Amino acid sequence: QVQLVESGGGLAQAGGSLKLSCVVSGSRFSDYAMGWFRQAPGKERNFVSAISRYGGTTMYADSVKGRFIISRDNARNTVYLQMNSLKPEDTAVYFCAAVFGVIGTTDPLKYTYWGQGTQVTAFA
């Protein structure tokens, strides 16, 4: 009954910014650590970022560290991914995911619920 819906993807020039949102319904949002993953054409799903249940702990893939910021607003049942200084290699479908627990992990197999994904395209 838990559903995740991403939005905010689109087309951006390299160096630009996009902000993704993921709204969670069907369960108590604060029960879940949240993660963002991405999958480029012909490649496997890769970890991007994660945030703990109350936002106190965040994790980032090396490839996005210093450029992307994950945050959450438990009152709005929403997790965000602010993407700055976009690069063409950031182009992918971005997925929001939820895992029951405190911290969250980089392992996609541990996440229980997934959104449908939103396309991000960054061009030079």
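The questions and answers below concern a predicted model of one protein chain.

Trainee: How many helices and strands does the protein chain have?
Mentor: Read along the sequence, the pattern is β-β-β-β-β-β-β-β-β-β-β. The count for the protein chain is zero helices and 11 strands.

Trainee: What radius of gyration does the protein chain have, against that of a compact globule?
Mentor: The C-alpha trace spans about 40 × 25 × 25 Å along its principal axes. For 124 residues, a compact globule would have a radius of gyration near 14 Å. The protein chain agrees with this, at 13 Å.

Trainee: Which strand supplies the largest share of the largest nonpolar core?
Mentor: This core has 34 residues, and those with the most contacts inside it are M34, W36, V79, L81, M83 and Y94. At least two residues each come from β3 (18-25), β4 (32-39), β5 (46-51), β7 (68-73), β8 (78-83), β9 (92-100) and β11 (118-123). The largest share is six residues, and the strand that supplies it is β9.

Trainee: Leaving aside neighbours within four places in sequence, which residues is L81 in contact with?
Mentor: L81 is among the residues with the most contacts inside the largest nonpolar core. With neighbours within four places left out, its contacts are L18, K19, L20, W36, V48, S49, F68, I69, I70 and Y94.

Trainee: What share of the contacts with a separation of 6 or more joins residues 24 or more positions apart?
Mentor: One residue to look at is I103, in the loop between β9 and β10 (113-114). Beyond its neighbours within four places in sequence, I103 is in contact with A33, I51 and S52. For the protein chain, the share from residues 24 or more positions apart is 59%.

Trainee: Where is N77, and is it buried or partly exposed?
Mentor: Most residues other than glycine have a negative phi. N77 is not a glycine, yet its phi is positive, about 55°. N77 is found in the loop between β7 and β8. Buried means under 20% relative accessible area, and N77 has 27%, so N77 is partly exposed.

Trainee: What is the relative accessibility of S85?
Mentor: S85 lies in the loop between β8 and β9, and its phi is positive, near 50°. S85 counts as partly exposed because its relative accessibility is 39%.

Trainee: How far apart are the mean positions of the positive and negative charges?
Mentor: The protein chain has 12 positive and 8 negative charges. Their mean positions are apart by 4 Å.

Terms used. Residues numbered from 1 in each chain as written. Predicted model: local features only at pLDDT ≥ 70, side-chain atom pairs only at ≥ 80, totals over all residues. Heavy atoms only, no water. Core = buried A, V, L, I, M, F, W, Y, C linked by side-chain atoms within 4.5 Å. Buried < 20%, exposed > 50% of the residue type's maximum accessible area, 1.4 Å probe, protein only. Helix = DSSP H or I, 4+ residues; strand = E, 2+ residues; numbered from the N terminus. Contact = heavy atoms within 4.5 Å. Rg over C-alpha atoms; globule rule 2.2 N^0.38 Å. Lys, Arg positive; Asp, Glu negative; His and termini not counted. Charge placed at Lys NZ, Arg CZ, Asp CG, Glu CD.
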